[in-house]
Amino acid sequence: MSFNKGYTPNDYAEKVFHIHIHAIGDNDEILFRDYLNRHSEVACEYEALKLSLLPQFKNDRDRYTDAKTDFIKRVLYNAKNE
């Protein structure tokens with residue numbers, strides 16, 4: 001589950017919050033984070049991707065997330081096979 005606060009139809013609020021709750025054993029977000037911490041070049045790629053998507057999807061969180069999915073799946077595949 002994901003709980004988000006601070007998104008408006010036109011822009012972001014001054015503060016934006018995300019809280020994620022996962023079932024035991026669902027560690028993909030942690031695996032993704034740890035992989036980026038170990039591979040700074042991939043972290044830079046992810047940063048560039050996110051910045052490139054922001055203008056197009058600034059007010060559409062769902063489409064922004066969808067646009068990152070292929071990259072995230074590739075990183076998770078690499079992390080699980082490292």
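**A β-hairpin followed by three helices**

In the predicted model, S2 stands opposite H20 of strand β2. The two strands concerned are β1, which covers residues 2-7, and β2, which covers residues 12-20, and they pair in the antiparallel sense over 5 bridges. Towards the other end of β1, Y7 has Y12 of β2 as its bridge partner, and the two strands form a hairpin in which 4 residues lie between them.

Within this hairpin, the surroundings of N4 were examined individually, this residue having its place in strand β1. With a relative accessibility of 40%, N4 counts as partly exposed, because a residue is called buried under 20% and exposed over 50%. When residues up to four places away in sequence are not counted, N4 touches F17 and H18. The C-alpha atom of N4 is also separated by 7.3 Å from that of V16, a residue 12 positions away along the chain.

The hairpin is one part of a chain that contains 3 helices and 2 strands, and these elements run in the order β-β-α-α-α from the N terminus on. Taken along the principal axes, the C-alpha atoms of the chain fill a box of roughly 40 × 30 × 20 Å. Of the 82 residues in the chain, 18% are buried. Where contacts between residues at least 6 apart in sequence are considered, 43% of them join residues that are at least 24 apart.

The packing of the helices was then considered pair by pair, beginning with α1 and α2. Helix α1 spans residues 28-38 and packs against α2 at an angle of about 115°, the axes of the two helices being 5 Å apart. An angle from 65 to 115 degrees counts as roughly perpendicular, and α1 and α2 are therefore roughly perpendicular to each other. On the side of α1 the contact involves F32, Y35, L36 and R38, which meet S40, V42, A43 and Y46 of α2. By class, the residues of this contact divide into 6 nonpolar, 1 polar and 1 charged.

One of the α1 residues in this contact, L36, was examined in further detail. L36, which is found in helix α1, has a relative accessible area of 12% and is therefore buried, the limit for this class being under 20%. Apart from its neighbours within four places in sequence, L36 is in contact with V42, A43 and Y46. For the pair L36 and Y46, which are 10 residues apart in sequence, the distance from C-alpha to C-alpha is 8.6 Å.

Helix α2, comprising residues 40-57, also packs against helix α3, comprising residues 61-80, at an angle of about 160° and with the axes 10 Å apart. Since angles over 145 degrees are counted as roughly antiparallel, this value makes α2 roughly antiparallel to α3. The crossing of α2 and α3 is right-handed. From α2, the residues V42, E45, Y46, L49, K50, L53, L54 and F57 make the contact, and from α3 the residues R61, R63, Y64, A67, K68, F71, I72, R74 and V75 take part. The contact of α2 with α3 consists of 11 nonpolar and 6 charged residues, with no polar ones. V42 and Y46 of α2 thus appear in the contact with α3 and also in the contact with α1.

The remaining pair of helices is α1 and α3, whose axes come within 9 Å and cross at roughly 80°. This angle makes α1 roughly perpendicular to α3. D28, L31, F32 and Y35 of α1 meet a set of α3 residues made up of F71, I72, V75, L76, N78, A79 and K80. In terms of class, the contact of α1 with α3 has 8 nonpolar, 1 polar and 2 charged residues. F32 and Y35 of α1 meet residues of α3 and likewise meet residues of α2, while F71, I72 and V75 of α3 take part in the contact with α1 as well as in that with α2.

Notes
Residues numbered from 1 in each chain as written. Predicted model: local features only at pLDDT ≥ 70, side-chain atom pairs only at ≥ 80, totals over all residues. Heavy atoms only, no water. Axes fitted to C-alpha atoms, helices over the stretch in contact; angles between N-to-C directions. Parallel < 35°, antiparallel > 145°, perpendicular 65-115°, else oblique. Left-handed = near helix turned anticlockwise from the far one by under 90°. Contact = heavy atoms within 4.5 Å. Nonpolar A, V, L, I, M, F, W, Y, C, P; charged D, E, K, R; others polar. Pairing = 2+ DSSP bridges. Buried < 20%, exposed > 50% of the residue type's maximum accessible area, 1.4 Å probe, protein only.
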